[in-house]
Amino acid sequence: MKVFGERKRAAVAVIAAGAIMALAACTPAAPGTASSASSASSTAPAATSTAPPTTTAPPSPSAEPGTSATVGAVVSGFPQQLLPLMPGAKVVSSSFDRTTVPATVALVGSISSPPAAVLAFYTTQLEAQGFTAIPGEAVGSVPSKDFLRGDNETVNTSVVETAGVSTFTIGANVAAESVK
């Protein structure tokens with residue numbers, strides 16, 4: 001049961017991080033101030049936005065070199081070989097932080113495929129790269145899958161379906177050589 005609690009916390013953290021990154025990228029902060037999660041929570045979710053997608057996002061004044069995030073596109077430098085976009089999916093947001101050890105990569109996307117198809121696609125992609133799927137297919141009622149490679153490379157994929165559209169979040173912590 002300890003593993004279940006850890007998976008649940010990890011999945012919730014990944015989902016929350018993806019949502020916060022997507023919202024933070026959409027919400028400009030005033031110079032000299034930091035945006036807060038409370039102000040982001042009143043913003044409409046990125047998946048329901050009618051604004052046209054952006055293709056690039058300028059780094060915020062406080063962003064460190066090697067850290068980037070964007071909404072509606074794959075961020076520059078994103079390791080697409082490691083985390084390819086599922087065919088037919090649209091990018092909601094993406095981020096990449098190569099300043100951390102291990103590096104942190106996140107992708108939020110949407111597709112009109114069932115959650116099982118999304119998990120199957122990413123299971124195939126990740127296992128082909130040497131990741132091992134950890135037993136378990138859901139956290140509560142949310143389809144979710146965790147993967148491990150070596151001692152410290154992890155990936156979590158979770159999917160929420162609403163009105164026939166699956167929104168998936170993938171969060172990875174991987175070695176620097178994995179994101180080149």
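**Notebook: salt bridges, core and strands**

I began with E153, which forms a salt bridge with R149, the closest N and O atoms being 2.8 Å apart. By salt bridge I mean a side-chain nitrogen of Lys or Arg within 4 Å of a carboxyl oxygen of Asp or Glu. Both E153 and R149 are buried, that is, under 20% relative accessible area, against over 50% for exposed and partly exposed in between (1.4 Å probe, protein chains only).

The model is predicted, so local features need pLDDT of at least 70 and side-chain atom pairs count only at pLDDT 80 or more, while totals for chains, interfaces and linings use all residues. Residues are numbered from 1 along each chain as its sequence is written, and side-chain values use heavy atoms, with hydrogens and water left out.

**Salt bridges, continued**

I searched the whole structure and found two salt bridges. Besides the E153 case, the side chains of E137 and K145 meet in one, at 2.9 Å from N to O. I checked K145 itself: this residue is buried, with a relative accessible area of 6%.

**Confidence and layout**

I noted a mean pLDDT of 74 for the chain, with 63% of the residues reaching 70 or more; pLDDT is the predictor's confidence in each residue, from 0 to 100. Over residues 1-64 the value is below 50. This stretch nevertheless has 51 contacts in the model beyond near neighbours in sequence, a contact being heavy atoms within 4.5 Å.

I counted three helices and eight strands. Helices (H or I, at least four residues) and strands (E, at least two) are DSSP runs, numbered from the N terminus. Among these elements, helix α2 (residues 37-40) has the lowest mean pLDDT, 36, and α3 the highest, 97. Of the 180 residues of the chain, 36% count as buried.

**The core**

Which residues touch the most other members of the largest nonpolar core? I found L83, Y122, V155 and F168, in a core of 26 residues. Such a core is a set of buried Ala, Val, Leu, Ile, Met, Phe, Trp, Tyr and Cys residues joined through side-chain atoms within 4.5 Å. Two or more residues come from each of β2 (90-97), β3 (103-111), α3 (115-128), β7 (153-162) and β8 (165-174). The largest share, five residues, comes from α3.

I then listed the neighbours of V155, leaving out residues up to four places away in sequence; among them are L83, L126, F131, K145 and I170.

**Helix α3**

I compared span with expectation, which is 1.5 Å times one less than the number of residues. The 14 residues of α3 should span 20 Å, and the end C-alpha atoms are 20 Å apart, which agrees. Buried in α3 are P115, V118, L119, F121, Y122, T123 and L126. The cover over these buried residues includes β3, β6 (142-149), β7 and β8. After α3 comes G130, with a positive phi near 95°.

**Strand β8**

I asked how many residues of β8 are buried. Seven of the ten are, so β8 is largely enclosed by the rest of the structure. Strands pair if DSSP finds at least two bridges between them. β8 pairs with β3 in the antiparallel sense over nine bridges, and T104 stands opposite N173 there. Nine bridges also join β7 to β8, again antiparallel, with T157 partnered by I170. I recorded β7 and β8 as a hairpin with two residues between them, where A163 in the turn has a positive phi of about 50°.
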